[in-house]
Amino acid sequence: MKLIYEKSVAGRRAVRAPRRTVPGRELIQKRLLRARPAELPEVPEIEVVRHFTNLSRLNFSVDTQFYPLGSCTMKYNPKACEVVAQHPGFVGIHPLWPQLRGGGQLTQGALRLLYETERLLAELAGMAEFTLQPLAGAHGELTGAMLIAAYHRDRGNTKKHILIPDSAHGTNPASAALAGFQVVAAPSTAQGTVDVEKLKGFINAETAGMMMTNPNTLGLFEPDVRRIADLIHAVDGLMYYDGANFNAIMGRCKPAEMGFDVCHLNPHKSFASPHGGGGPGAGPVGVVERLRPFLPISRVVKTRDGTFSLDYDYPKSIGYVAPFYGNFGVLVRTYAYLLLLGREGLRAVSDHAVLNANYVLSKLKDIFPAVSDHCMHECVLSAKSLVAGGVRAMDIAKGLIDRGFHPPTVYFPLIVPEAMMIEPTETETRETLDAFIQAMRELAQTARANPAALHAAPVTTTVGRLDEVAAARNMDLAFKEKKSE
Amino acid sequence: MVATIMTQTQAFQANSPADDSAMLATLGLAGVDELFAAIPPDLQTDAFRLPAGLSEMEMTRRLAELADANARNLVNFCGGGFYDHFIPAAVDALAGRAEFYTAYTPYQPEVAQGTLQAIYEFQTAMTRLTEMEVANASLYDGGTALFEATMMAFRITRRRRVLIDEGVNPIYRTMLKCYSANLAFEFVEIPLRDGLTDRAAFQAQLTRDVAAVIVQNPNFFGCLDDLSDLIAAAHRSGALGIVSVYPLALGIVKTPGAMGADIVTGEGQSLGLPLSFGGAYLGFMTTRKLYAHKMPGRLVGATHDAQGRRGFVLTLQAREQHIRREKATSNICTAEALCALRALIYLSLMGKTGLVEVAELCAANASYGWQKLTAIPGVKPAFHSNFFNEFALSLPANAADVISTLIDKGIAAGFPAGRYYRGMESVLLVAFTEKRTKEEIDCLAAALEAALC
């Protein structure tokens, strides 16, 4: 498709600026102004509308396709949550208004929503307190790692490293490093869970803590989590829970009861706020009582008269991780979703996410070897048996595209060769799962009978496999018009 | 251990209890709890003090009550880096397409060309707006973008000290301090001189260990400056120039690219995003091509398939956490793709002429406001520099008290600078967008005069 810049014709325009109501002109000196206008597109509104409507149709999305992208939890995003988030009483409020009149009198509804969301999340995770400030899951991890650093600084501890399983998401080590920690990889057993005996060898007085996802990235519950927590706590380390997979155990387990001290949750995964093509998300962080003093400011507090107010008086706070109160629009959707589902509904989410994943696993493990016979909310299969015939996990992924399915996550976790990580979610019907299973089985047959057909896939899309090496070499990161002769 | 009996279909679960039973039978299981046999029983609980689920109608009513408990219809002159601009209807209509908002990070480019091409077009728009060479796909917000720029400067220069102007949004400076607490970096804050960057004070601190100078234009007080000389001075000592900008102002304001900036960041909220109580917003970053490999965040590049058809992919991924883990340029994974899409649609609708017109209108409204407000007895301009759409006034009273008084008249008169700057308790920061009318500005002037006498 042409770029919007390639559709530009001088003199055309979409939006008419409002009429000037004030006399006089702006008083800015010429030396402070730009030399020429920015070369933005000159297109009529209909062209803008067609351009973006047609661009949108080039995407696979949850609303159009089954999207079992493992680890990302691509479930249905309820429309009611979208609609309530657009209310003018939410989108129209300025984040500095709470400071214009004592105690946030201008934004009581918004503060109440934040306060109640914090209470609901705290109850679900078993934590004492939550902050909603972090702006994404990885941002939550960084906030959590900074809370761990603040705790140790306050205790006068000299800690150096954080332990992270080798199966972890890449954000875990990157976040720990950004909080000033060295990262030590904790090895997994052949079964794919943390090897506790080996782990003991890495735990010492310099251990600041350990970050874990449970169930882990292989979709397996870490059965020794309590023992691990005891070992870490014995050296005054803290346990961090990466909530990426919380949607497997909602309403059934509380991270605090597993021994975790800090956790982040992903509203765009567990609580069905949309992924937006890569954000915005949110990364609320929960803590146990002893970490409460270090939470970011401001805090939303409920006053004696039942109104809500912002409190900045936390001398041990790590400060501001975001300019305001988090991605408020995302949090409105989170709150709406929590209200819709309630206690039974949230538990049912996990029950059905796990049931659907195990169903897919049971129907595919005979042809694609699995890490384990059972899984939680997602299963990791391997395409390694096809490699000898010249077909890799990526070829299966591209073959799925031609059959109308978004591929699973491939080549992650790193510790499984030719990994295909499938997360069906609870919002898919049995018929959809059966159709996907059927497609996977057919692709395995094609891989053996006619590998070249898979190497050519996808053929149903507007572009085929793209040359990523050329992209990195050419570094064409912004459009430049060809000079007309 | 708790027993779940699935007898009723819960919200958004797709299958019926009969489907559940059939699927469990396929697995050879008698009940759903057996699916969770891997979890030690003592880690399972049903002790959740959570409310029962609501119907959609009940939830909608509850949320509307909360939304209605916030102030509405205030005539807003409060800015502080976050502005009440008009958003054309097509922005919501197009960004509200579910093919965009229910997709995810484009790891499979063949089925994500919509998102990828839009990001490439966004990157292009930001390079043109700032007059820089490359842009990334977005960061969380203007503050985290400034932190990422600082980290990038450390990586490029291998130096550990930055000089930051006190005209940089105080919220962002607070964020930088928060993030640097565990990293061996030094931040030196340089006070303003009559509202502008103090060249001599910067020069005095500009030693060979400085990684970057960080400035903002227009600055927190709305003052405009040409920072070319400061950036040139930074370059002479081997430091980078980082400029935080207000992108809508760049419709008319001299660009950081023209000033010689090395890294440009900013808050993209003014480009078609609602105020929305602080988020979701849009951090962005542009830089020189030379530094693309040191950049954080996603980058989209143009390439082609085997048949020579143009397409777009995530590129230079070797910088990123999913490959480099603790050695990555940043921990960022997902950022704000949908917000970047909104900004791109906004800029496409405004176009080359429209953005200039809106920026001029903001500035014209502010100029008129300046004349009206500085004519009030006892009210003086706090500084004497040029401004874009926001300026600081020195009042003969406590600014926070005056603001509170004017709220009763339905006006959010501005922001009290004393909230962030010691000794500025009488300074009021007033912002004007294209949405403000002469009548509203006259009304503000009358109300302010009445409140002060």
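Trainee: What share of the contacts in chain A between residues at least 6 apart in sequence join residues at least 24 apart?

Mentor: In this predicted model, 71% of those chain A contacts join residues at least 24 apart in sequence, where a contact requires C-beta atoms, placed from the backbone, that lie within 7 Å.

Trainee: Why is chain A called as compact as a globular protein of its length?

Mentor: The radius of gyration of chain A is 25 Å, and the globule rule gives 23 Å for 485 residues, so the two values are close and chain A counts as compact in that sense. Along its principal axes, the C-alpha trace spans about 75 × 65 × 45 Å, and the secondary structure of chain A comes to 13 helices and 12 strands.

Trainee: What makes a residue of chain A count as buried, and what percentage of the 485 residues do so?

Mentor: A residue is buried if 20 or more other C-beta atoms lie within 10 Å of its own, and 60% of the 485 residues of chain A count as buried.

Trainee: How do you know that chain B touches chain A, and how many residues of each are in contact?

Mentor: By the cut-off of 7 Å between C-beta atoms, 168 residues of chain B are in contact with 171 residues of chain A. On the chain B side, helix H11 (residues 337–374) gives the largest share, 24 residues, and by class this side has 90 nonpolar, 48 polar and 30 charged residues.

Key. Residues are numbered from 1 along each chain as its sequence is written. Chains are lettered from A and ligands numbered from 1 in the order in which they are written. This is a predicted model: local features need pLDDT of at least 70, side-chain atom pairs count only at pLDDT 80 or more; totals for chains, interfaces and linings use all residues. Helices (H or I, at least four residues) and strands (E, at least two) are DSSP runs, numbered from the N terminus. The radius of gyration is taken over C-alpha atoms; the globule rule is 2.2 Å times the number of residues to the power 0.38. A residue is buried if 20 or more other C-beta atoms lie within 10 Å of its own, exposed if 12 or fewer, and partly exposed in between; C-beta atoms are placed from the backbone. Two residues are in contact if their C-beta atoms, placed from the backbone, lie within 7 Å. Ala, Val, Leu, Ile, Met, Phe, Trp, Tyr, Cys and Pro count as nonpolar, Asp, Glu, Lys and Arg as charged, and the others, Gly among them, as polar.
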